[in-house]
Amino acid sequence: MSAATSRDPAADAPLDTLADFPAIPDGWAYLDTAATAQKPQAVVDAIARGYGETYATVHRGVYQRSADMTVAYEAARARVARFIGAEPDECVFVRGATEAINLVAHGWAGTHLKPGDRIMLSMLEHHSNIVPWQMVAERVGAAIDVVPLDPDGRIDLDRMAAMLRPEHGLVALAHVSNVLGSVLDVRRAADLAHGVGAKILIDGCQSVARIPVDVAALGCDFYVFSGHKLYGPTGIGVLWGRAALLDAMPPWQGGGSMIDRVSFERTTYAAPPGRFEAGTPHIVGVLGLHAAIDYVDALGLPAIHAHETALVAEAREALGRIDGVRLFGPADSAGIVSFAVGGVHPHDVATILDEGRVAIRAGHHCAQPLMAALGVEATARASFGVYNGPQDVAALVRGVERVTRIFG
Ligand SMILES: Cc1ncc(COP(=O)(O)O)c(C=O)c1O
């Protein structure tokens with residue numbers, strides 16, 4: 001089905017979108033969407049149109065083409081806002097989730113936290129949601145606490161409740177784990193953080209393409225994600241922040257576009273979001289992100305979630321029946337299945353699967369503290385997207401069976 005024809009979001013029939021993805025050849029099982037999603041033709045077309053037909057700069061030119069591009073750029077911001085239940089001025093375009101977290105670490109934490117304050121993270125965070133906080137903690141003299149996981153691999157919110165203290169200024173947690181697929185109860189986490197006066201940032205990298213997100217309903221303070229995991233281009237992402245918090249944040253990078261007035265005596269800054277978008281932005285990336293959101297919304301996130309949940313259940317069931325396979329994460333993981341094959345290095349698993357035209361990720365998934373907590377160096381990870389179907393699960397299972405045959 002092409003997403004151009006809008007879908008009933010309540011429909012729970014499997015998605016059939018493979019034909020929308022020009023870079024997925026017949027018979028190739030692409031199971032690395034958690035790393036980066038393949039792009040639908042609609043996104044490829046939007047990028048080609050942006051460079052090949054409508055290209056001009058934004059926010060600067062007085063000529064019509066530039067004015068039109070500015071309208072398109074700001075329309076994309078409004079589209080992002082509508083997608084996550086936010087206001088356009090609260091959505092800052094950045095390079096990706098990594099840059100968004102660094103921006104908050106530098107701009108908010110770096111100016112609001114003081115010596116003795118504490119930052120709370122969890123054991124399953126991606127390095128992008130660990131290292132920026134370590135850097136700012138060192139700079140301001142704050143300490144970091146780490147919430148453990150429950151036996152299923154979910155962030156243990158009961159433990160978090162017990163650990164939170166008034167010194168906590170910020171909590172930063174993943175909405176969906178990129179290794180385990182476990183889904184955070186963001187509303188509860190936000191209430192707990194706010195209970196001690198802390199702000200909460202949610203890393204939405206793995207969630208925006210898998211479950212509906214409404215930042216107002218979730219109650220968080222910052223929400224970040226990357227466009228390329230949402231079927232959009234690389235090099236573009238979003239920082240959403242509550243208006244009052246963005247207002248109170250100093251700029252991070254200086255340059256064109258982020259100013260109000262410049263003189264050698266004194267420079268004043270633009271209001272958010274422009275204050276945080278110094279320099280010529282990734283204009284065409286923004287157009288591609290707009291097309292990606294249109295594509296995902298036309299399929300409907302409830303339908304995408306149902307589709308991926310069914311594939312995860314099928315994969316876990318079939319892999320779990322293979323001797324020596326260890327599954328990580330909860331049964332209701334969102335789109336992601338991490339596993340190990342007894343005695344076989346995950347890189348060997350991935351190499352053998354690749355010979356059978358199955359692409360998975362193997363390694364520490366930029367989550368070395370989680371690997372240590374799981375007691376492994378690395379895992380194999382299959383992650384699903386809208387283009388996957390039962391044939392991909394079957395290819396995965398055949399490949400893993402072959403691994404066990406080869407390694408005896
Ligand atoms: C949970 C999570 N957070 C953050 C990131 C970083 O995203 P990016 O590299 O697009 O900035 C990733 C990417 O794998 C991720 O999965």
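**Ligand, pocket and cavity**

Me: A polar side-chain atom of Lys-229 lies 2.5 Å from an oxygen atom of the ligand. What makes that a polar contact?

Reply: A polar contact is a pair of N or O atoms within 3.5 Å. The Lys-229 pair is at 2.5 Å, so it qualifies. Ser-226 also has a side-chain N or O atom 2.7 Å from a ligand oxygen. For Ala-97 the polar atom belongs to the backbone, 3.5 Å from an oxygen of the ligand. The protein buries 85% of the 400 Å² that the ligand exposes when taken alone (Shrake-Rupley areas, 1.4 Å probe).

The model is predicted: local features need pLDDT of at least 70 and side-chain atom pairs 80 or more, while totals for chains, interfaces and linings use all residues. Residues are numbered from 1 along each chain as its sequence is written, and side-chain values use heavy atoms, without hydrogens or water.

Me: How do you know which residues surround the ligand?

Reply: Each needs a heavy atom within 4 Å of the ligand. Ala-97, Thr-98, His-126, Ser-128, Asn-178, Asp-203, Cys-205, Gln-206, Ser-226, His-228 and Lys-229 make up this shell. By class it has two nonpolar, seven polar and two charged residues (nonpolar: Ala, Val, Leu, Ile, Met, Phe, Trp, Tyr, Cys, Pro; charged: Asp, Glu, Lys, Arg; polar: the others, Gly among them).

Me: Why is the ligand's space called a pocket?

Reply: A pocket is an open set of points on a 1 Å grid over the protein atoms alone, with protein on both sides within 12 Å along at least five of seven lines. The ligand takes up the largest pocket, which means that more than half of its atoms lie within 2 Å of the pocket's grid points. About 350 Å³ of space lies there, counted as the space filled by probe spheres on the points.

Me: What lines the largest pocket?

Reply: There are 24 lining residues, with Thr-98, His-126, Ser-128, Cys-205 and Lys-229 nearest the centre. A lining residue has an atom within 4 Å of a point. Seven are nonpolar, eleven polar and six charged. Helix 3 (residues 97-112) contributes three, the most of any element (helices are DSSP runs of H or I, at least four residues, numbered from the N terminus).

Me: What makes the other space a cavity?

Reply: A 1.4 Å probe fits there but cannot get out. One cavity reaches 30 Å³ or more. The largest has a volume of about 40 Å³. Its lining is Thr-33, Cys-205, Gln-206, Ala-209, Arg-210 and Lys-229.

Me: What makes the bond from Pro-272 to Pro-273 cis?

Reply: Its omega is near 5 degrees.

Notes. Helix = DSSP H or I, 4+ residues; strand = E, 2+ residues; numbered from the N terminus. Polar contact = N/O pair within 3.5 Å; in protein donor to acceptor, adjacent residues only side chain to side chain.
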